Amino acid sequence: MNLGLFNMPLHPPGRPHWETYDEDLELMAYVDKLGFSEAWIGEHFTTQWENIPAPDLFIARALGETEQLTMGTGVSLLAFHNPIILAHRIAMLDHLAKGRLFFGIGSGGVPTDSELFSMDRTSGQQRDRMREAINLITSIWASAPGFKYEGQYYNAKLPEARPDVGLSYHMKPYQTPHPPIAVAGSSPDSETLELAGEMGWWPMSTCFLHDSLLASHWTAVEKGAQTANRLVVRDQWRIAREVFVADDSAEAHQLAYNGPLGTSFTNYFKPLLGGSPRGLDGLKSNTSVVTEDIDVDYMKDNFWIVGDPDECTDQIRNLYHAVGGFGTLLLICHDWGKDRPKWLHSLDLMAREVRPNLSDLK
C-alpha cells in the first residue's frame, strides 16, 4: 500500500496566500524525501479555506522542489474550464513533469463556485459539461489535424497542418496516450465512480464517506467496468482519510481534537456539507445516526485515524480489510500553525514506522 497526500489545501481564512503556498511547497519537498508516492492538489475558486484556484500552476512550481513525487490535479473542475485550453495546459504540464503527473477531474460541488460561473447545480449541467469536456480533451490528445468536434456545450476544430510555416496542433501529452485520469466520489453507490469504471479512470474516495459505505464505491467501479468489459484492479483505488500520528496516543488525540482536524470540521466542513439536504449522510455509520450527532467527538470516534504508530497501523489495517483492499492511502493536509513540526513528525512516523508495518498489504 502506498502513501500520498490530498492537499485541498486547508488553510484558515485570513492567512496570506503566498505564505500558505510556500508552506505547501515545503510540504511537497518534505514528503518527497520521505518516499511518499503522490500528492493531489485541489482546485476551488470561492473557498477561502481551499485557496488554490490553479493546481496546475502549483504543480509546475512544485516539480522543481521534488524528485520522485507524482502530483495530480485534485481535481480540475472541468465544467468551469475551456477544454481546449485545458488540454494544452495539462499536456504541457505533463512534459514539464516528464510523466510525474496525474489528471484528476470533477464537476464541482461548492455552491459559490457554481454561482461565480452562473451555473445551476440542480440542472445536471455541470456533470454533463464534465463528461463532454473530458471526451473533447482526450479526443484532442488522440487526434490529427482536421479533427472536428461538435457537442452540446463545446465545439472544436484542429486546423489543417501548414508544414511550410510550422503551423499545426502539436501539444500531445508526454505520457502515452495521456496522464492517468482519476475522478473522486463522495456519495454511497457513486454514479461518478461507476463512470470511472466504465471509462477506465482511477477511482478516488473522499474523506466524507464512512468506512461501512466505502465498499459500495468499489462495487460501483466494478459495475461500470463490466458494462465496458474493462479490467479494474484495486491498486488503482485511492482512499482519502484524516490521519495524525504522534509518539504518544494521548497527545495525538488531544492535538487532533483541539487542533486543525477539529477546527476545520467545525468551522468549514460541517457548515459546507450541511448546507445541502443529504450532505452529511455519507458520514453516518448507520441509519440511526442523526445529523445533530455528527460533531468533533463523532468524527474522532468514527472517521479519524489518530494515535501512536501501533494504533494507526491497526486502524489502517482494519480499513483495508473492511473494504477489501485498496492501493493508496491519501492523507488530508491541514494547516497546523505553531504545531506544524508535530504534523511533519506525524508524516515521518507514517513513513518510517506505520508504512513498514503494513508492507504485507498488497
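**Two pockets and a paired strand**

In this predicted model, the largest pocket (an open set of points on a 1 Å grid where a 1.4 Å probe fits, with protein on both sides within 12 Å along at least five of seven lines) holds about 1,800 Å³ of space, a volume being what probe spheres set on the points fill. Its lining (residues with an atom within 4 Å of a point) counts 50 residues, of which Gly-108, Gly-109, Arg-121, Ser-186 and Ser-187 are the closest to the centre. Among the elements that each supply at least two residues of this lining are strand 3 (70-77), strand 4 (101-106), helix 5 (125-142) and helix 9 (260-273), helices being DSSP runs of H or I with at least four residues and strands runs of E with at least two, numbered from the N terminus.

The second largest pocket encloses about 230 Å³, and of its 15 lining residues Ile-134, Thr-138, Ile-181, Met-199 and Trp-201 are the closest to its centre. Helix 5 gives the most to this lining, with five residues, while helix 6 also supplies at least two.

Elsewhere, strand 9 (residues 238-241) is covered on both faces, with Arg-238 and Ala-240 on one side and Ile-239 and Arg-241 on the other, all of them buried (under 20% relative accessible area, 1.4 Å probe, protein chains only). Strand 9 runs parallel to strand 8 (residues 202-205), joined by two bridges, and Met-204 has Arg-238 as its bridge partner. On strand 12 (residues 328-332), which pairs with strand 9 in the parallel sense over four bridges (pairing needs at least two DSSP bridges), Thr-328 stands opposite Arg-238.

Residues are numbered from 1 along each chain as its sequence is written. Local features need pLDDT of at least 70, side-chain atom pairs count only at pLDDT 80 or more, and totals for chains, interfaces and linings use all residues, while side-chain values use heavy atoms, without hydrogens and water.

Conventions
Buried < 20%, exposed > 50% of the residue type's maximum accessible area, 1.4 Å probe, protein only.
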